[in-house]
Amino acid sequence: SPAATASAATKSLPPSGPDRMTFSAPLAWGGEARCTGGDCKLILVEHEANKLVLHQFKGRQIAELDRQPLAYHPDSAKWLTDQWVVAAVERGQTLDFFSLNAGRLTAHAQVKVDFAPRGVLVLDSNASGFTLLATPYSGANVSVVKWPVGAKQGNATSVRWCEAPWHPALVERAPNGRGKGVVAACLDDKRLLYVDAKNWVGAPAELARFDVVARQARPTASGKWVYVALELGTKNARVNMDSGEVQYLESRAEGAVSVAPLADDLVIWGGSNSLYIQKFDDAGKVLEERYLRTSGFPTEMQLIDLDGDGERDLLILNSAGDKADVYYGPLWD
């Protein structure tokens, strides 16, 4: 009917799709770009090649600066400062710390945790060092790691969370007046958990429970919503971090494996060799939907201005496939 047609979400390609660049990054299970003073670098791990790789962006070009060996199956990498990076490595059950000088990486220290780590996240930092969170490939324990800058050793404290809490993310607030903390989607427990920054080793609180796999959770810039990619279902979800309300959102049949909010009401979802961007109303109804393709399985997405034009770009690391993707902003307008 005309009324039904008018109420249905508009599905389309972008009017003139954003520019796209690809580069070699076979099975890049994790990584992060960092831009300071107009200089943008990317650190990533190649899962099967067992390498930590450093790239540099110049305008809309990218060049590899260095690569260093890691033990079997590295899964994640993050920046600590412009001069320090950390990688999570399954075999050996370690966080590996590297220094960076003149475009070269040098292995510096390893900190042991009680499991094979899938992810690592910087929780906090001060003049004396960093507080990191290592999360497992499988199992229910996470590890809060204290690492003094430049030290050869660190201190790791294990805490029980949930089964397979992948891809944790920092949040500015949580329901019931709680403040800064971290959230994680639990794959095998199908839950969304929150831990207050006042006590990183404290017991987690459950924010939501789902009927399907909760693959990844990411907050909006305002902190109002946390969007949750739900795999193998017909819905994704978002949690209102003020009221605690959970809204279920129409998705593609296979659900989503990753998520990157552009705004409170505008979200990029990672699917199978593709992305879909959805615009929502206040009740969570899809108003418009667009599609973009990727070079593989888009597990890690980051919104960051890589070419210095003032628009956020989308960096996509594909955990299956030989290449990574960059879509240059604006990504919607």
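Biologist: What radius of gyration does the protein chain have, set against that of a compact globule with 333 residues?

Modeller: This is a predicted model, in which local features need pLDDT of at least 70 and side-chain atom pairs count only at pLDDT 80 or more, while totals for chains, interfaces and linings use all residues. Residues are numbered from 1 along each chain as its sequence is written, and side-chain values use heavy atoms, with hydrogens and water left out. The radius is taken over C-alpha atoms, and the globule rule is 2.2 Å times the number of residues to the power 0.38. For 333 residues a compact globule would come near 20 Å, and the protein chain agrees with this, having 19 Å.

Biologist: How many strands does the protein chain have?

Modeller: Helices (H or I, at least four residues) and strands (E, at least two) are DSSP runs, numbered from the N terminus. Beside 1 helix, the protein chain has a number of strands equal to 29.

Biologist: What share of the residues of the protein chain counts as buried?

Modeller: Buried means under 20% relative accessible area, exposed over 50%, and partly exposed in between, with a 1.4 Å probe and protein chains only. Of the 333 residues of the protein chain, the buried share is 54%.

Biologist: How far apart do the centres of the positive and negative side chains lie?

Modeller: Lys and Arg count as positive and Asp and Glu as negative, without His and the chain ends; each charge is placed at NZ of Lys, CZ of Arg, CG of Asp or CD of Glu. The protein chain has 35 positive and 40 negative side chains. The separation between the centres of the two sets is 2 Å.

Biologist: Is the disulfide of Cys35 and Cys40 right-handed or left-handed?

Modeller: A disulfide is a pair of cysteine sulfur atoms within 2.5 Å, and those of Cys35 and Cys40 are 2.0 Å apart. Cys35 is partly exposed because its relative accessibility is 29%, whereas Cys40, at 4%, counts as buried. The torsion about the S-S bond is about 115°, so the disulfide of Cys35 and Cys40 is right-handed.

Biologist: Which strand holds Cys186, the partner of Cys162?

Modeller: Cys162 and Cys186 form a disulfide with their sulfur atoms 2.0 Å apart, and the link is left-handed, with -85° about the S-S bond. The pair links distant parts of the chain, 24 residues apart: Cys162 is in the loop between strand E14 (155–160) and strand E15 (165–171), and Cys186 is in strand E16.
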